[in-house]
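Visitor: Can you walk me through this one? I have some questions on helix packing and domains.

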Protein chains: 2
Amino acid sequence: MAYWVSKHIKEGGVTSPQGFKASGVACGLKPNEALDLSLVTSDTLCAAAGVFTTNVFQAAPVAYDRALIESRRGVQAVVINTGSANACTGNQGKADVLTTVKAAGELLGIDPETVLVMSTGVIGKPLPMDKLIPGLRQAAQQLAATDDAALQAARAIMTTDTHPKQAALKVTGPTGDYTIAGMVKGAGMIEPHVATMLCLITTDAPVTQPLLQIALAEAAGRTFNCITIDGDMSTNDTVLVLANGASGISPIDDPQQEAYDVFADALETLMLELAQAVVRDGEGATRFITIEVQGARDRAQAHQVGKAVANSKLVKTAIYGQDANWGRIVCAAGYSQAGIAPETVSVWLGDQQLVREGAPYEIDEERSSALLAKTDIDITIDLGQGEERATIWTCDLTHRYIDINAHYRS
Amino acid sequence: MAYWVSKHIKEGGVTSPQGFKASGVACGLKPNEALDLSLVTSDTLCAAAGVFTTNVFQAAPVAYDRALIESRRGVQAVVINTGSANACTGNQGKADVLTTVKAAGELLGIDPETVLVMSTGVIGKPLPMDKLIPGLRQAAQQLAATDDAALQAARAIMTTDTHPKQAALKVTGPTGDYTIAGMVKGAGMIEPHVATMLCLITTDAPVTQPLLQIALAEAAGRTFNCITIDGDMSTNDTVLVLANGASGISPIDDPQQEAYDVFADALETLMLELAQAVVRDGEGATRFITIEVQGARDRAQAHQVGKAVANSKLVKTAIYGQDANWGRIVCAAGYSQAGIAPETVSVWLGDQQLVREGAPYEIDEERSSALLAKTDIDITIDLGQGEERATIWTCDLTHRYIDINAHYRS
């Protein structure tokens with residue numbers, strides 16, 4: 001890893017990098033006058049990268065954004081609405097995306113083909129354009145480069161999230177300083193295969209498009225692709241990065257550059273922080289669970305075992321109930337179809353070993369209970385087959401999750 | 001399908017076929033003097049077949065039974081205990097199985113190598129042999145061929161099941177009459193890849209061992225392998241069939257025989273009934289959900305889509321909440337990685353079409369709500385790619401499931 005320094009910017013968000021503005025408004029997409037529409041713009045064209053859901057029922061904005069990102073053209077604005085996912089909405093859904101980018105282009109005085117759209121909410125419900133377009137006008141008027149504007153934007157993308165989630169890093173790289181920041185929303189239907197629900201990252205680092213896409217895809221593999229709330233992959237998962245170069249440092253355009261390594265590290269650091277924030281705010285979550293799988297033949301094996309354990313309803317409910325039922329952990333690892341050998345598997349809860357080479361190991365129930373009373377739970381699984389590892393982050397499965405999801409639409 | 005008649009035997013169970021006895025006793029494996037140990041015996045040696053969990057952490061009794069079944073030797077008794085799964089118990093677990101079959105052999109005056117063992121309960125907890133062996137003695141003394149004895153045996157294998165589950169069919173086949181019966185326990189950690197938790201089937205039909213194994217494996221693929229409660233596959237899943245031939249009809253020993261087809265059909269009918277009983281008694285279940293996937297390229301594709309929908313926590317909670325949130329159904333189908341094409345997918349709730357070729361279709365929310373107020377929910381998904389189909393049965397995900405599993409061991 002290259003030498004570099006990064007520092008959190010207190011209360012920073014998508015407007016922390018130079019040359020970005022944001023706003024969040026309420027236009028009736030959500031009830032009770034809650035903020036429900038975000039707009040983020042750059043003063044100049046940005047290199048843009050994106051990773052998207054692999055769900056075959058991809059939403060209209062996902063298909064639109066993917067095509068625009070793949071064209072490698074510049075991007076200058078992102079519109080994010082809640083209330084409707086604009087997924088399974090057929091031709092009307094596609095037309096509504098085009099109407100949205102056209103309206104944004106006119107309001108902002110920019111080319112409509114430099115506008116991206118992200119949507120979250122109920123699947124199959126058409127976008128209420130009669131509310132969205134006036135909301136967009138209001139959002140364009142309120143654009144500002146302040147921390148408060150970034151916070152409003154982060155609030156306006158929330159659905160069942162309990163609080164806005166954002167972060168900003170000031171990076172001192174080998175060629176100068178820049179800032180990288182992002183906002184994200186969760187909080188259910190989350191087992192991203194390439195991305196989480198919605199995440200928008202801004203930076204004033206001058207990273208060229210192909211490199212930005214590589215850095216994003218690699219970081220997503222170790223961050224958003226390693227979290228799971230409920231194992232349900234959305235139709236809308238999207239992570240976007242906009243790089244406008246406003247920091248004025250020399251271009252980051254070569255993967256052999258130390259400056260590129262520094263940028264890639266900083267991006268991963270920021271994305272990990274945002275991904276973990278999504279897990280901590282998972283629907284109904286009371287526990288933040290880190291599952292470290294080591295001793296694997298390869299990373300894919302470690303990942304597969306970690307995901308099976310993280311998605312086990314029985315593991316998640318046991319942790320909710322503060323029950324050190326380690327049998328459920330080995331059981332889930334056992335059906336993961338990852339080719340593990342029971343007799344070489346060891347399991348720890350925190351620093352307490354529960355299983356040694358497939359058999360129970362001096363379990364101290366009192367100490368286990370004390371560990372499970374904490375908010376942060378660490379589970380380590382050693383497969384005893386090799387040197388590779390992967391970490392998966394998840395949360396517990398609680399009564400509140402059922403409350404939230406039994407009546408989401410009503 | 002061959003011509004044959006089968007009739008349910010009211011209050012029938014594993015003792016309904018001729019030559020079988022059973023008992024269920026309380027020996028302190030469960031608290032509150034609940035029945036916790038079952039014994040089922042045949043007067044004569046039986047052909048025995050079995051299908052087992054594919055979890056690599058297979059319990060000691062699973063490994064033992066599998067080896068005995070594969071040896072194709074006869075079987076004369078099955079001991080089933082609750083309280084401990086005897087899984088992840090190392091050499092002690094293996095030794096405890098051997099002690100159990102030896103004790104059973106002595107008590108029953110039969111070869112210990114004709115005794116099978118099934119265990120269910122907490123993983124990693126050693127079998128309390130000081131309670132099990134006296135319990136076995138008591139069970140041997142109480143063996144009887146009555147309906148009441150079968151019911152006691154079915155009660156004694158329950159864990160979180162709310163009621164005993166058994167069924168018996170009187171079959172009139174082309175070569176004479178016989179009976180086939182079974183008992184089963186659920187109710188969580190259930191997504192069998194080859195079997196459900198524990199199911200024991202008895203028959204007085206004279207089916208030879210290789211044919212019995214084929215009939216069982218085929219029927220399991222269309223019954224127990226098509227149910228899911230929570231997606232967690234146990235370390236102990238086992239279905240056993242014992243055929244003692246006491247009906248006296250001529251041997252069923254040729255897969256070309258009409259009598260074999262009749263037997264295979266009857267076995268599948270009985271197993272489907274038992275498998276569906278497990279789903280209806282799923283932990284915390286309030287709804288019995290049938291997911292019919294049709295228009296598939298092949299059965300595997302239909303099965304994969306059905307399982308993804310059945311295991312979606314969001315689909316299951318929406319049905320619990322009586323919310324016709326069909327977007328969650330298409331979303332789960334969309335991430336099933338079964339190679340479906342959104343534009344050819346249609347979805348029905350009961351007889352009401354919700355999705356037509358990937359887009360919403362004249363949804364009548366009131367009618368949907370009325371359909372979802374019923375106990376039995378039918379979802380049909382047409383993939384529009386071929387002629388094959390599969391049916392998956394599951395239940396909803398409820399507050400009560402969380403209650404049960406957050407504190408299972410305490």
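Guide: What follows covers helix contacts and domain layout in a predicted model.

Visitor: Start with chain A. How do the axes of H5(A) and H6(A) cross, and within what distance do they come?

Guide: Helix H5 of chain A spans residues 209-222 and helix H6 of chain A spans residues 258-280. Their axes come within 9 Å and cross at roughly 40 degrees. That angle makes H5(A) oblique to H6(A).

Visitor: Is the crossing of H5(A) and H6(A) left-handed or right-handed?

Guide: The crossing of H5(A) and H6(A) is right-handed.

Visitor: Which residues make the contact?

Guide: From H5(A), the contact uses Leu211(A), Ala215(A), Leu216(A), Glu218(A), Ala219(A), Ala220(A) and Arg222(A). From H6(A) come Tyr260(A), Phe263(A), Ala264(A), Leu267(A), Glu268(A) and Met271(A).

Visitor: How do the residues of that contact divide into nonpolar, polar and charged?

Guide: In the contact of H5(A) with H6(A), 10 are nonpolar and three are charged, with no polar residues.

Visitor: Switching to domains. What does the assignment give for chain A?

Guide: The domain assignment has domain 1 of chain A at 5-280 and domain 2 at 288-406. Taken over C-alpha atoms, the centres of these two domains of chain A are 32 Å apart.

Visitor: How many residues of each domain of chain A are in contact with the other?

Guide: On the domain 1 side of chain A there are 12 residues, in contact with 12 residues of domain 2.

Visitor: Which elements give two or more residues to the domain 1 side?

Guide: Strand E9 (227-228) and H6 of chain A do. The largest share of that side is from H6(A), with four residues.

Visitor: And what is that side of domain 1 by class?

Guide: The side of domain 1 of chain A that touches domain 2 has five nonpolar, five polar and two charged residues.

Visitor: Now chain B. At what angle do H5(B) and H6(B) cross?

Guide: Helix H5 (residues 209-222) and helix H6 (residues 258-280) of chain B cross at roughly 40 degrees, their axes coming within 9 Å. H5(B) and H6(B) are therefore oblique to each other. The crossing of H5(B) and H6(B) is right-handed.

Visitor: Which residues meet there?

Guide: In H5(B), they are Leu211(B), Ala215(B), Leu216(B), Glu218(B), Ala219(B), Ala220(B) and Arg222(B). These meet Tyr260(B), Phe263(B), Ala264(B), Leu267(B), Glu268(B) and Met271(B) in H6(B). The contact of H5(B) with H6(B) has 10 nonpolar, no polar and three charged residues.

How values were computed
Residues numbered from 1 in each chain as written. Chains lettered and ligands numbered in written order. Predicted model: local features only at pLDDT ≥ 70, side-chain atom pairs only at ≥ 80, totals over all residues. Axes fitted to C-alpha atoms, helices over the stretch in contact; angles between N-to-C directions. Parallel < 35°, antiparallel > 145°, perpendicular 65-115°, else oblique. Left-handed = near helix turned anticlockwise from the far one by under 90°. Contact = placed C-beta atoms within 7 Å. Nonpolar A, V, L, I, M, F, W, Y, C, P; charged D, E, K, R; others polar. Domains from an automatic or database assignment.
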